[in-house]
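Student: I am new to this structure and would like a close look at a single part of it. Could you take me through one strand and its surroundings step by step?

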Amino acid sequence: MTTYQHILLAVDFSNDTDFVINKTGDIASLSRAKISIVHILDNIPMPDTSYGTVIALNDEADNALLKQEKENLNTIGDRLNVPENQRWLIWGSPKEEICALAAQENIDLIIVGSHGRHGLALLLGSTANDVLHHAPCDVLAVRLPNE
Ligand code: AMP
């Protein structure tokens with residue numbers, strides 16, 4: 001059987017993130033895969049920075065929200081033993097940046113959380129759905145527990 005070699009976990013730091021982190025850890029150990037993690041900054045304005053859209057995690061952040069996002073990402077990275085150069089904080093749209101990063105880093109499995117959606121939310125679509133339709137590789141949408 002072919003196993004996955006490089007998994008990308010996309011995290012939004014919602015309350016359900018723990019569930020997806022645990023599942024990612026289990027799948028990575030079973031396939032002995034390398035893990036990268038990414039959070040897309042789609043909720044804070046991009047400050048004037050020399051880094052472009054990819055944020056250096058070891059740099060001092062003036063913006064309190066950005067600092068918090070870096071800490072959140074590093075906490076998950078430490079939990080999953082992800083090397084620092086495989087922790088990504090990127091400005092932009094989640095669908096586009098997650099898929100672009102997967103192509104750039106030769107990812108063979110993207111893991112996202114998935115909420116059961118109905119009605120208007122279903123029509124508007126979800127990040128999981130967007131990624132599924134644009135990813136250059138397999139995608140695992142982990143069904144999140146009901147809120
Ligand atoms: P949503 O459909 O937007 O509620 O998000 C479902 C899943 O998409 C989350 O559990 C994450 O895996 C991923 N996701 C959503 N927003 C982001 C983000 N800003 N950065 C990285 N992953 C995200």
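**A strand and its surroundings**

Tutor: In this predicted model, a good place to begin is strand E3, residues 87-91, where five of the five residues are buried, so the strand is largely enclosed by the rest of the structure. The side chains of E3 point two ways: Arg-87, Leu-89 and Trp-91 point one way from the strand, while Trp-88 and Ile-90 point the other way, and all of them are buried. Because buried means under 20% relative accessible area, that cut-off applies to the residues pointing either way from E3.

Part of the surroundings of E3 is strand E2, residues 34-41, which runs parallel to E3 and is joined to it by five bridges. Within this pairing, Val-38 stands opposite Trp-88 of E3, and Trp-88 is one of the buried residues just named.

If you then look from E2 to the loop that lies between helix H1 and E2, you find Arg-32 there. Arg-32 is exposed, because its relative accessible area is 78%, whereas the residues of E3 are buried. The backbone of Arg-32 also deserves attention, since its phi is positive, at about 50°, although Arg-32 is not a glycine. Most residues other than glycine have a negative phi. Phe-13, which is found in the loop between strand E1 (6-10) and helix H1 (17-31), likewise has a positive phi, near 65°, and is a residue other than glycine.

Technical notes. Residues numbered from 1 in each chain as written. Predicted model: local features only at pLDDT ≥ 70, side-chain atom pairs only at ≥ 80, totals over all residues. Heavy atoms only, no water. Buried < 20%, exposed > 50% of the residue type's maximum accessible area, 1.4 Å probe, protein only. Helix = DSSP H or I, 4+ residues; strand = E, 2+ residues; numbered from the N terminus. Pairing = 2+ DSSP bridges.
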